[in-house]
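Please read this note with the sequence and the model open side by side. It is addressed to a student who is new to reading protein structures.

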Amino acid sequence: QLQLVESGGGLVQPGGSLRLSCAAPGVTLADYTIAWFRQAPGKEREGVSCINSGGALTKHADSVKGRFTTSRENGKNMVYLQMNSLTPEDTAIYYCAASDGGWLRSRRLWEVDYGYWGRGTQVTVSS
């Protein structure tokens, strides 16, 4: 059973940075496309980014392009979301999710394509 665990969230000032991590104890993440989603208070969950199983391909939502970077270290069984130039609009619970449906499908960043989810980590951007 694939269980995802996010970490790295917290409180940061506007303009600051955070790096989120996604781990899957006991399971090889290299077999999956991994995505980051977020849900802000009162809003629907939205796709932030995704990375293919090998790590060579990524996709980022327009709202985070140029500020967020997604990477993975399959040798360490970890996926990361580096978030820079954070704004209050980035405040949300961030979730990592895994898909075994292949890149062409998973890159759409549709929740329905991701069958495995973590519990989320809170990111708050505030002065």
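The numbered points below go from the whole chain to single residues.

1. Status of the model. The structure under review is a predicted model. Every statement below should be read with that in mind.

2. Secondary structure. The chain contains one helix and 11 strands. Followed along the sequence, these elements are arranged as β-β-β-β-β-β-β-β-β-α-β-β. The radius of gyration is 13 Å, close to the 14 Å that the globule rule gives for 127 residues, so the chain is as compact as a globular protein of that length. The C-alpha trace spans about 40 × 25 × 25 Å along its principal axes.

3. Burial and contacts. Of the 127 residues in the chain, 46% are buried. Among contacts with a separation of 6 or more, 60% join residues that are 24 or more positions apart. The student may wish to look for such pairs in the model; one example is given in point 5.

4. Surface and charge. The accessible surface of the chain amounts to about 6,500 Å², and carbon and sulfur atoms contribute 46% of that surface. The chain carries 13 positive and 11 negative charges, and the mean positions of these two groups are 3 Å apart.

5. Leu 11. This residue belongs to strand β2, which covers residues 10-12. Is Leu 11 buried or exposed? Its relative accessibility is 66%, and because exposed means over 50%, Leu 11 counts as exposed. Leu 11 and Val 125 are 114 residues apart in sequence, yet their C-alpha atoms are 5.9 Å apart in space. Beyond its neighbours within four places in sequence, Leu 11 is in contact with Thr 124 and Ser 126.

6. Asn 52. This residue is placed in the loop between β5 (46-51) and β6 (58-60). Asn 52 has a relative accessible area of 13%, and because buried means under 20%, Asn 52 is buried. A polar atom of the Asn 52 side chain lies 3.0 Å from the backbone nitrogen of Ala 56. Which residues does Asn 52 contact, leaving aside its neighbours within four places in sequence? They are Tyr 32, Thr 33, Leu 57, Arg 72 and Trp 103.

7. Asn 77. The loop between β7 (68-73) and β8 (78-83) holds this residue. Asn 77 is not a glycine, although it has a positive phi of about 60°. With a relative accessible area of 17%, Asn 77 is buried.

8. Ser 85. This residue is found in the loop between β8 and β9 (92-99). Ser 85 also deserves a check of its backbone: its phi is positive, at about 50°, although Ser 85 is not a glycine. Ser 85 counts as partly exposed, with a relative accessibility of 41%.

9. Gly 115. The position of this residue is in the loop between α1 (103-106) and β10 (116-117). Gly 115 is exposed, and its relative accessible area is 59%. How far apart are the C-alpha atoms of Gly 115 and Asn 77? The two residues are 38 residues apart along the chain, and their C-alpha atoms are separated by 18 Å.

Note on methods. Residues are numbered from 1 along each chain as its sequence is written. This is a predicted model: local features need pLDDT of at least 70, side-chain atom pairs count only at pLDDT 80 or more; totals for chains, interfaces and linings use all residues. Side-chain values use heavy atoms; hydrogens and water are left out. Helices (H or I, at least four residues) and strands (E, at least two) are DSSP runs, numbered from the N terminus. Buried means under 20% relative accessible area, exposed over 50%, partly exposed in between (1.4 Å probe, protein chains only). A polar contact is a pair of N or O atoms within 3.5 Å; within protein, one must be able to donate a hydrogen and the other to accept it, and residues adjacent in sequence count only if both atoms are side-chain atoms. Contact means heavy atoms within 4.5 Å. The radius of gyration is taken over C-alpha atoms; the globule rule is 2.2 Å times the number of residues to the power 0.38. Accessible areas come from the Shrake-Rupley method with a 1.4 Å probe; for residues, only the protein chains shown count as cover. Lys and Arg count as positive and Asp and Glu as negative; His and the chain ends are not counted. The place of a charge is taken as NZ of Lys, CZ of Arg, CG of Asp or CD of Glu.
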